[in-house]
Amino acid sequence: MADAETGLQAGEAVYNVRNFGAKGDGKAVDTPAINKAIETVAAAGGGTLVFPAGTYMCFTIRLKSDVDLWLSRGCTIQAADSPRRGEATGYQGGTYDAAESNDPWTPYQDYGHNHWRNSLFYAESQQNFGIFGPGVVFGKGLSHGLADVRGGYEPFVAEQAGVGNKTFALKNCHNVILRDLSVLKGGHFAVLATGVDNLTLDNLLIDTERDGFDIDCCRNVRVSNCTVNTPWDDAICPKSSYALGYPRPTENMTVANNYVTGYYELGSVIAGMWKKYAEDAPVPRNGRIKCGTESNGGFRNITITGNVIEGCKGIALESSDGAFLEDVAITGNTMRDIVDAPLFLRLNRRNRNPKETVRAGTLRRVLISNLVSYNSASSTASIFAGVASNLIEDVKLSNCYFGHSGLPKVMSVNWGETTQPMPDWRTIQVPEKQDAYPELLQFGPTPSNGFFIRHLRNLEMSHVEVAPTNPDPRPAFWLEDVHRADFLAVTAPQQGNFSLHNVTDFRVGWSRAAQDANRATANGEVI
């Protein structure tokens, strides 16, 4: 029998949360009982706390070292309603833990990256724990930070006291595993991990209104076998903010064998219905895998492999705050119905960081191979763009197919939420936006249909095909301030595919896109 006072079962390391007073009836607030259970199991040396089938209404659950949670099939951990606008308390008079101050570091990243305690699950400086099982976490009562009712319910104000705005918030932890569970409507972040080492996210199903995984300043990370549907924000997003008060890189990370999408109606993925939003629905279909935009600490040793990316944005690498972004392998990924362009590499000077740390960033040693993209939008090409004083370096593409819809009549604006007529492509001037937020669609349409490449040194493309479904008179490649560029066995459906502007050491050979050519310098020439 369980001890009447502690709820612990003698001689066992597996405990039932019901023995600590949790009801799981969908009415009672179970947080006090759950937190008592976690603390008691931790004090006993650790173990696994089992949640039987039922709905557990909760505010902030505080995770502890050496205590695993097992969410049984039929179990739902539901985020109780936060305080409504202007009210002091939420469901049955409860609140989430208060958002802690992160001064003086708050100006250097968005609000959500400065706070962890105002979450459904929270851990700081804990180790050796995980959450497992086929149960569901339903973030109904969390703020998603959007201005309107996109999530299907009245949003709460994230900055208001007592409001929760994240599902899992982990800070300065190590040896953490989240596996097999599902998250529906996870608030601003389904998972925010900051300064977490040895982190595994495996076989998770995320169906949410904002970011799926924000992995910030973390080392030794594996994100694998997950399904992430995030129409309004990013799906899998490594970051390196200044939230810890110093620049810490995200490094040694593998993102493998995930399905990332942005065009299924919220709740339909977790329900198994897979219902797509209507074509005219005001949904940006964000999704995507993106390193950035928070980029103070840097990124190193990143592998993105075997992922399926559909009905959303593509893959983006962004260094905007003076950090390094280097040694990245993007291999064996498939894309379909990408809403802007398959690839975006950006090195610029937003420099949202303390003045004493302002420095030139890097984006270099990027290998992209065995990638297939079908039916992407085409008003904006894939963009690789540094700035004149700071060039991207050492980018290689091989064995890639880029199929897009051809010259459009309209182009996407406002992050893809609206459209306007496409201008005459011959008059397009792509802005530099040296200190702007690094977003592909902010550049507007491009005068090329495959790639727009500016301020880059050492580019190689081999066995790459650009294939418009409908006619597109724009050249496939626009190169501007590019130095040493080699194209081998490149295919495009017309001649005149290379528009060269301030280019040095250019070579193309054995290609259907153009006749063999070698230029020491070229400016204003089309090949």
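**Charges, fold and Pro231 in a predicted model**

Tutor: In this predicted model, the protein chain carries 48 positive and 57 negative side chains, and the centres of the two sets are 1 Å apart.

Student: OK. What about helices and strands, how many of each in the protein chain?

Tutor: There is 1 helix, against 39 strands. The radius of gyration is 24 Å, close to the 24 Å from the globule rule for 527 residues, so the chain is as compact as a globular protein of that length.

Student: And what box do the C-alpha atoms fill?

Tutor: Roughly 85 × 45 × 40 Å, taken along the principal axes.

Student: What share of the residues counts as buried?

Tutor: 61% of the 527 residues. The chain exposes about 18900 Å², and carbon and sulfur atoms supply 48% of that area.

Student: What part of the contacts with a separation of 6 or more comes from residues 24 or more positions apart?

Tutor: Such pairs account for 66% of those contacts in the protein chain.

Student: Switching to one residue. Where is Pro231?

Tutor: Pro231 sits in the loop between strand 19 (227-229) and strand 20 (234-239).

Student: Is Pro231 buried or exposed?

Tutor: Pro231 counts as buried because its relative accessibility is 0%, and the cut-off for buried is under 20%.

Student: Which residues does Pro231 touch, leaving out those up to four places away in sequence?

Tutor: Thr208, Gly262, Tyr264, Leu266, Tyr277, Val283, Pro284, Arg285 and Asn286.

Student: Arg179 isn't in there. How far apart are Pro231 and Arg179 in space?

Tutor: Their C-alpha atoms are 23 Å apart, with the two positions 52 residues apart in sequence numbering.

How values were computed. Residues are numbered from 1 along each chain as its sequence is written. This is a predicted model: local features need pLDDT of at least 70, side-chain atom pairs count only at pLDDT 80 or more; totals for chains, interfaces and linings use all residues. Side-chain values use heavy atoms; hydrogens and water are left out. Helices (H or I, at least four residues) and strands (E, at least two) are DSSP runs, numbered from the N terminus. The radius of gyration is taken over C-alpha atoms; the globule rule is 2.2 Å times the number of residues to the power 0.38. Buried means under 20% relative accessible area, exposed over 50%, partly exposed in between (1.4 Å probe, protein chains only). Contact means heavy atoms within 4.5 Å. Accessible areas come from the Shrake-Rupley method with a 1.4 Å probe; for residues, only the protein chains shown count as cover. Lys and Arg count as positive and Asp and Glu as negative; His and the chain ends are not counted. The place of a charge is taken as NZ of Lys, CZ of Arg, CG of Asp or CD of Glu.
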